[in-house]
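Please look over the sequence and the model shown below. The paragraphs that follow lead through a number of its features in turn.

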Amino acid sequence: MGPNTAEVVICGAGIAGIAAAYHLAVRRGITDIVLVDEGSPLSLTSDKSAECYRNWWPGPGDAMVAAMTRSIDLLEELARESGNVFRMNRRGYLFATADPERVPKLVWAAEEAATLGAGPVRHHDRPGSDYRPAPPDGFEAQPIGSDIITDRALIRRHFGWLADDTLALLHARRCGWLSGQQLGMYLLERARDKGVRLLPGRVTGVQTAGGCVSAVAVTGPGGSRTLSTPRFVVAAGPRLASVGRLLGVELPVFCERHAKVTFDDVLGAMPRQAPLTIWTDPVRLPWSNDERAALADSPHRRLLDALPAGVHGRPEGAGDSRSVLLIWTYEAEPVEATFPVAFDPAYVEIAIRGMARVIPAMGAYLSRLPRAFVDGGYYTKTRENRFLAGPLPVEGAYVIGALSGYGLMASSVAGELLAAHVVGAPLPPYAPAFALSRYDDPGYRTLLETWTDSGQL
Ligand SMILES: Cc1cc2nc3c(=O)[nH]c(=O)nc-3n(C[C@H](O)[C@H](O)[C@H](O)COP(=O)(O)OP(=O)(O)OC[C@H]3O[C@@H](n4cnc5c(N)ncnc54)[C@H](O)[C@@H]3O)c2cc1C
């Protein structure tokens with residue numbers, strides 16, 4: 001190992017690059033690794049997340065459920081060995097509907113998830129049913145699969161804070177949240193203990209010799225340097241495509257802007273023990289006649305239409321925290337990733353209005369909006385919303401990214417897959433579903449044309 005050589009250079013110290021470094025160094029014994037980032041570790045997208053995880057994914061096929069199950073197994077292992085420093089819980093995802101036509105769809109989704117390996121479905125259609133709520137903390141000894149609750153009395157008993165007209169709930173159980181920052185720092189420290197070096201700077205070029213990676217150019221605070229290396233890993237988050245181009249590879253990814261709002265729920269509208277709560281119906285916001293007239297003449301006129309399903313939120317923080325976070329992606333067009341990220345100035349109000357449809361007590365904030373913090377970043381995605389972890393068409397080059405809105409939960413399996421590719425270890429059955437080479441398969445390209453459900457929240 002020399003200052004200007006490395007066995008592996010990783011571009012990007014977000015959760016993807018850190019998980020790759022951890023799996024290579026700690027679990028595969030490749031310790032001569034340089035992790036290059038032009039910013040602070042975890043600071044571009046990975047600290048903007050809602051920090052939730054789920055084994056709850058649609059098909060086609062079971063690759064996504066299998067990969068995410070493995071990722072959650074790894075997260076639980078890390079939680080156990082670290083004394084749960086990243087506060088992983090298992091509160092579940094609570095999908096709610098007030099639309100009678102959506103009730104059978106929830107049941108179907110639960111049954112599909114069961115056939116894909118997410119765990120059994122339990123039906124609760126009587127007031128005395130044995131539905132077991134999730135504990136607020138910890139993740140051990142909890143059920144998997146899902147609970148479908150269609151008895152209105154049972155819904156009111158356990159979730160009386162939801163809208164009165166809520167008809168059915170699907171409580172997906174191997175789901176919850178954690179501290180992404182603590183998880184990332186834990187992985188980074190373990191990797192650094194094994195010798196992984198962090199290098200501040202921007203990767204500006206990749207050299208090849210005989211078609212193989214030979215060196216990486218980095219420009220940083222101390223000037224420019226060239227690192228000789230036979231392996232280069234692209235883990236550049238929203239800059240995946242531009243860093244891929246340094247290798248002459250066009251990666252099939254695009255970015256969407258996603259925001260979240262955090263504020264102190266001083267009125268206690270959302271119970272502190274609530275699961276992540278997701279409204280599965282489109283929402284038509286209630287406006288007064290004056291508001292309606294003003295909106296009709298404004299760039300926000302689309303707010304008069306039904307807005308997409310999926311407004312969701314959860315309590316944030318332990319102890320005395322009163323913080324809640326809400327997300328509602330009512331616009332998700334592909335955009336150029338530029339920084340700092342600009343958000344809709346009306347986001348706070350719109351997210352709270354949306355959440356008030358789910359939790360009516362949230363409506364009390366609309367007369368005087370709370371002091372709120374909006375942040376977010378980009379989901380970097382493939383067309384079918386499945387991540388990339390594996391080799392690139394240049395010998396010695398690899399990618400880990402396109403982790404979309406699920407990169408914290410998937411980072412462990414993606415890092416493990418990436419490391420297995422690098423060391424030539426046996427690959428799990430789901431590996432081809434996350435390799436770039438999947439797009440070379442004509443059958444897969446045909447499947448893409450009819451692919452509907454990306455599993456995005
Ligand atoms: C609002 C929101 C909510 C989310 N909610 C969840 C959630 O609930 N659960 C979940 O699992 N995920 C969630 N995500 C997604 C998750 O945050 C991302 O998938 C994940 O952070 C992506 O990690 P990354 O390492 O690929 O990218 P980043 O974290 O963006 O890291 C990429 C790094 O590469 C560096 N880089 C880029 N180019 C160069 C270069 N040329 N030279 C040097 N360094 C470079 C950047 O500086 C950056 O640090 C959410 C995301 C958002 C925006």
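Gly319 is found in the loop that runs between β16 (312–315) and β17 (323–327). In this predicted model, Gly319 has a relative accessibility of 74%, and it therefore counts as exposed, since the cut-off for that class is over 50%. Gly319 and Pro345 are 26 residues apart along the chain, and their C-alpha atoms are separated by 31 Å.

Another loop, between β15 (276–279) and α7 (289–296), holds Ser288. The relative accessible area of Ser288 is 36%, so this residue is partly exposed. From Ser288 to Asp264 the distance is 26 Å, C-alpha to C-alpha, with their positions 24 residues apart in sequence.

Ala98 belongs to the loop between β4 (93–97) and α3 (103–116). Is Ala98 buried or exposed? Its relative accessibility is 17%, and Ala98 therefore counts as buried. The C-alpha atoms of Ala98 and Leu167 are separated by 4.9 Å, although the two residues are 69 residues apart along the chain. Apart from neighbours within four places in sequence, Ala98 is in contact with Asp165, Thr166, Leu167, Trp279, Asp281 and Arg357.

Attention now turns to a helix. Helix α1 covers residues 15–27, and 11 of its 13 residues are buried, so the helix is largely enclosed by the rest of the structure. Among the buried residues are Ile15, Ile18, Tyr22, His23 and Leu24. Against which elements do the buried residues of α1 pack? They pack against the strands β1 (8–11), β2 (33–37) and β21 (397–401), and against the helices α2 (63–81), α5 (180–193) and α9 (407–423). Just after α1, Gly29 takes a positive phi of about 75°.

Positive phi values also occur in residues other than glycine. Arg87, in the loop between α2 and β4, has a phi near 50°. With a relative accessible area of 48%, Arg87 is partly exposed. Ala402 lies in the loop between β21 and α9 and has a positive phi of about 55°. The relative accessibility of Ala402 is 2%, so this residue counts as buried.

The backbone also includes cis peptide bonds. One joins Gly59 and Pro60, with omega of about 5°, and Pro60 lies in the loop between β3 (52–54) and α2. Another joins Phe339 and Pro340, where omega is about -5°; Pro340 is in the loop between β18 (334–335) and α8 (347–358).

The next topic is the aromatic residues. The structure holds 14 aromatic pairs. One of them is formed by Trp328 and Tyr330, which meet edge-to-face at 6.0 Å centre to centre, with 75° between the planes. Trp328 and Tyr330 are both buried. Elsewhere, one aromatic cluster is made up of Trp57, Phe387, Tyr406, Tyr430 and Phe434. Over the ring of Trp57 sits the charged end of Arg54, 3.7 Å from the ring centre.

Trp57 also leads to the internal space of the model. Rolling a probe the size of a water molecule over the atoms shows where empty space is left. How many cavities of 30 Å³ or more are there? The count comes to one, and the largest cavity has a volume of about 40 Å³. Its lining consists of Trp57, Pro58, Gly59, Met64, Glu384, Arg386, Trp451, Asp453, Ser454 and Gly455. By class, this lining has four nonpolar, three polar and three charged residues.

Notes. Residues numbered from 1 in each chain as written. Predicted model: local features only at pLDDT ≥ 70, side-chain atom pairs only at ≥ 80, totals over all residues. Heavy atoms only, no water. Buried < 20%, exposed > 50% of the residue type's maximum accessible area, 1.4 Å probe, protein only. Helix = DSSP H or I, 4+ residues; strand = E, 2+ residues; numbered from the N terminus. Contact = heavy atoms within 4.5 Å. 1 Å grid on protein atoms, 1.4 Å probe; cavity = no way out; pocket = protein on both sides within 12 Å on 5 of 7 lines; lining within 4 Å. Points joined across faces, edges and corners; volume = space filled by probe spheres on them. Nonpolar A, V, L, I, M, F, W, Y, C, P; charged D, E, K, R; others polar. Phe/Tyr/Trp six-rings, centres within 6.5 Å; stacked < 30°, edge-to-face > 60°. Lys NZ or Arg CZ within 6 Å of the ring centre and 35° of its normal.
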